[in-house]
Amino acid sequence: ESLRWTVGVDVPAVAGMGVDEICTPALVVDLTAFEANVRAMKGFAAAHGMALRAHAKTHKSADIALIQMVEGGARGVCCQKVSEAEALVAGGVRDVLVSNQVVDARRVDRLAALAQRARVAVCVDDADAIGPLSAAAARHRVMLEVLVEIDVGNGRCGVAPGAPAVELARRVANAPALRFVGLQAYQGAAQHIYGHDARRAAIAASVALVRETVAAITETGMRCPVVSGGGTGTWPFEAESGVYTELQCGSYIFMDADYRRVREADGRGLPAFAHSLFVLTSVMSRARPGHAVCDAGLKVLSVDSGLPTVFDRDDVTYAVASDEHGTLVDAEDRLRLNDRLWLVPGHCDPTCNLHDWYVAVRDGVVEALWPVTARGKAW
Ligand code: PLP
Ligand code: MN
């Protein structure tokens, strides 16, 4: 028996193949564009004197996290979930911030255990979360680093800025096995606001709340060395604020179709990242004049931020996503059976979680296969 993996059964491709041989639908990373994005963000962060802690929920890949850390200027990564952090640490990542509060007792225990193998930090926005975290850290003989998460306009998690945040920081600092290291102040709702001025104004409001909170914390004699936040849509504003110290951008490595619209609507030039993530699809039917059907639907594409765009073609549009099919408008009937299209997903993060593998390509040739290491790790 052969130990080789079969393309189209176990894997979508193998290294050395031409892109025309990749079995579709497949999640493909164009390495030239991806590496340019990684380098660009490294340069931007360095130019602003900011640390970078790239958000790994975007890709859930140990390979990509390590590229970001080894070559991309990142001091570590953010994870959204404990199980995601565990998968990446098992893959060699040694510095993770779980950018959420963790309260489930089993998860708290696993988080503390993880801190024996990597540098681990976590967020807190509720005094009741502190005792169990500290007890678990003590049980596993580790210190956990803690950021107090403040709500700077996102309206999701986060304690109120100012006095409530100071009180929480004080309680963290007094917990035996926790170390208060600063604030998480991520304004997620601002990332996709269309229009430069509106997005800038949203972050100006966040910055004012952060500034006031840092001042109130340091007035008590505590130090607040880390202020972490910012995403692909707003990072220039956090970077120039003078109060944020660390950027959490995630999507910059891939640049999905929705972030492209944000950039185009910006008008003043949000720094350019290139599309590097694609769902490669093939035409499987063209029975109806003016239309064609491809093999990429909802099971390989997330459409919550809009349908995919078709890269490098303006004669074809992706019009309807069903479970396993994409219906394309092909007004001039140009498409033929087995023709390939490079779709740019509307939203990169949930799209990646639908796949087992990244097919990494360069100049038309498959260079590597990367597993989506933490696929499905939502605990
Ligand atoms: N930080 C946190 C806490 C997030 O939840 C996210 C994404 O939602 C990010 C950073 C990264 O944002 P983006 O992918 O827009 O760069
Ligand atoms: Mn996203």
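**Exercise 1. Characterise the shell of residues around ligand 1 by class and by proximity.**

Solution. In this predicted model, the shell around ligand 1 divides by class into 9 polar, 3 nonpolar and 2 charged residues. The residues that surround the ligand number 14. The closest of them are Lys57, Thr232, Gln248, Ser251 and Tyr259.

**Exercise 2. Identify which side chains place an N or O atom at 2.7 Å, 3.0 Å or 3.5 Å from an atom of ligand 1, and state how much of the ligand the protein buries.**

Solution. Step one concerns the nitrogen side of the ligand. A nitrogen atom of ligand 1 lies 2.7 Å from a side-chain N or O atom of Gln248. Gln248 is also listed among the closest residues of the shell.

Step two turns to oxygen. An oxygen atom of ligand 1 is 3.0 Å from a polar atom in the side chain of Gln80. For Arg156, the distance between a side-chain N or O atom and an oxygen atom of ligand 1 is 3.5 Å. With a cut-off of within 3.5 Å for a polar contact, the Arg156 pair, at 3.5 Å, is still counted.

Step three takes the surface. Ligand 1 taken alone exposes 390 Å², of which the protein buries 93%.

**Exercise 3. Determine which pocket ligand 1 occupies, and describe its volume and lining.**

Solution. Ligand 1 takes up the space of the largest pocket. The volume of this pocket is about 460 Å³. Its lining consists of 27 residues, and those closest to the centre are Lys57, Gln80, Arg156, Tyr186 and Gly188. Two of these names recur from the preceding exercise: Gln80 and Arg156. By class, the lining comprises 17 polar, 5 nonpolar and 5 charged residues.

**Exercise 4. Describe the second largest pocket, and examine the backbone at Pro25, one of the residues closest to its centre.**

Solution. The second largest pocket holds about 280 Å³. It is lined by 15 residues; Val11, Pro12, Pro25, Asp356 and Trp357 are the closest to its centre. The lining divides into 9 nonpolar, 3 polar and 3 charged residues.

For the backbone, Pro25 is found in the segment before β1 (26-30). The peptide bond that leads from Thr24 to Pro25 is cis, its omega being near 0 degrees.

**Exercise 5. Where does Asp312 lie, and what is the value of its phi?**

Solution. Asp312 belongs to the loop between β12 (309-310) and β13 (317-321). Its phi is near 65 degrees, a positive value in a residue other than glycine.

Definitions and conventions: Residues are numbered from 1 along each chain as its sequence is written. Chains are lettered from A and ligands numbered from 1 in the order in which they are written. This is a predicted model: local features need pLDDT of at least 70, side-chain atom pairs count only at pLDDT 80 or more; totals for chains, interfaces and linings use all residues. Side-chain values use heavy atoms; hydrogens and water are left out. A residue is near a molecule or strand if one of its heavy atoms lies within 4 Å of it. A polar contact is a pair of N or O atoms within 3.5 Å; within protein, one must be able to donate a hydrogen and the other to accept it, and residues adjacent in sequence count only if both atoms are side-chain atoms. Accessible areas come from the Shrake-Rupley method with a 1.4 Å probe; for residues, only the protein chains shown count as cover. On a 1 Å grid over the protein atoms alone, a cavity is a set of points where a 1.4 Å probe fits but cannot get out, and a pocket is an open set with protein on both sides within 12 Å along at least five of seven lines; lining residues have an atom within 4 Å of a point. A molecule sits in a cavity or pocket if more than half of its atoms lie within 2 Å of its grid points. Ala, Val, Leu, Ile, Met, Phe, Trp, Tyr, Cys and Pro count as nonpolar, Asp, Glu, Lys and Arg as charged, and the others, Gly among them, as polar. Grid points are joined across faces, edges and corners, and a volume is the space filled by probe spheres set on the points. Helices (H or I, at least four residues) and strands (E, at least two) are DSSP runs, numbered from the N terminus.
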